[in-house]
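Welcome, and thanks for taking a look at this one with us. Please open the view below and keep it at hand while reading.

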Amino acid sequence: MLKGIKNNYKFLLDEFKPYPKKLIPIYECISECYICLDYRGKLNTTLKEPRITYFNSEEEGNRRFVPIVDSYEAFLDMRRRLKVKRGR
């Protein structure tokens, strides 16, 4: 798993210039679109957590970066609610 994250990170740094060094891809949703830990800017000051951001390689400029939630815990909660709603 860590090797995959490292390989994706290196790919994004090489392929999409400039790519923020503080945006770490943790899950590839579809081809070259990722869920990322976002260490850019101000962290969640209470927990020192990164935000969760969607990186869309098909977009240009800042439109590539879509904020999802302010913490990893909030992201997991969101996923749990979606699974319950879908009945899984």
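## Starting from D38

Let us begin with a single residue in this predicted model. D38 sits in strand β2, which spans residues 33-38. Is D38 buried or exposed? D38 counts as buried because its relative accessible area is 6%, under the 20% cut-off.

Which side chains does D38 meet through polar contacts? One partner is R40, whose side chain is joined to that of D38 by a polar contact of 2.8 Å. Another is T53, with a side-chain to side-chain polar contact of 2.8 Å.

## The chain as a whole

Stepping back, the chain holds 2 helices and 4 strands. Read from the N terminus, its elements follow the pattern α-β-β-β-β-α. The chain has 88 residues, and 28% of them are buried.

As for surface, the accessible area of the chain is about 6,600 Å², and carbon and sulfur atoms account for 53% of it. If you take the contacts between residues at least 6 apart in sequence, 19% of them link residues at least 24 apart.

## The sheet

Now to the strands. In what order do the 4 strands of the sheet lie? They form an open sheet ordered β1-β2-β3-β4, and the pairing is antiparallel. β1 and β4 (65-69) are the edge strands: each has a single partner strand, so one side of each lacks a neighbour in the sheet. From one strand to the next, the twist averages 30°. As a reminder, strands of a sheet pair through backbone hydrogen bonds, in either a parallel or an antiparallel way.

Strand β2 is a good place to follow the pairing. Toward β1, 6 bridges hold the antiparallel pair together, and P25 has C36 of β2 as its bridge partner. Toward β3 (residues 51-56), β2 is again joined by 6 bridges in an antiparallel arrangement, with C36 standing opposite T53 of β3. T53 is also the residue whose side chain makes a polar contact with that of D38.

β1 and β2 form a hairpin with 2 residues between them. In the turn, E32 has a positive phi of about 60°.

## Helix α1 and the nonpolar cores

Where does α1 lie with respect to the sheet? The helix lies across β1, β2 and β3, and runs at about 100° to β1.

The largest nonpolar core has 8 residues: L12, F16, Y19, L23, Y34, C36, F55 and F65. C36, already met as the bridge partner of P25, is thus one you can find in this core as well. F16 is worth a closer look: leaving aside residues up to four places away in sequence, F16 touches F11, E32, F55, S57 and R64. Among these, E32 is the turn residue with the positive phi, while F55 is a fellow member of the core. Apart from the largest core lies another, of 5 residues, including I35, L37, I52 and V69. In a regular strand, side chains alternate between the two faces of the sheet.

## A loop residue at the surface

Finally, have a look at P18, which is placed in the loop between α1 (2-15) and β1 (23-30). P18 is exposed because its relative accessible area is 76%, over the 50% cut-off. What distance separates the C-alpha atoms of P18 and G61? They are 9.4 Å apart, with their positions 43 residues apart along the chain.

Notes
Residues numbered from 1 in each chain as written. Predicted model: local features only at pLDDT ≥ 70, side-chain atom pairs only at ≥ 80, totals over all residues. Heavy atoms only, no water. Buried < 20%, exposed > 50% of the residue type's maximum accessible area, 1.4 Å probe, protein only. Polar contact = N/O pair within 3.5 Å; in protein donor to acceptor, adjacent residues only side chain to side chain. Contact = heavy atoms within 4.5 Å. Areas by Shrake-Rupley, 256 points an atom, 1.4 Å probe, with all protein chains shown as cover. Pairing = 2+ DSSP bridges. Axes fitted to C-alpha atoms, helices over the stretch in contact; angles between N-to-C directions. Core = buried A, V, L, I, M, F, W, Y, C linked by side-chain atoms within 4.5 Å.
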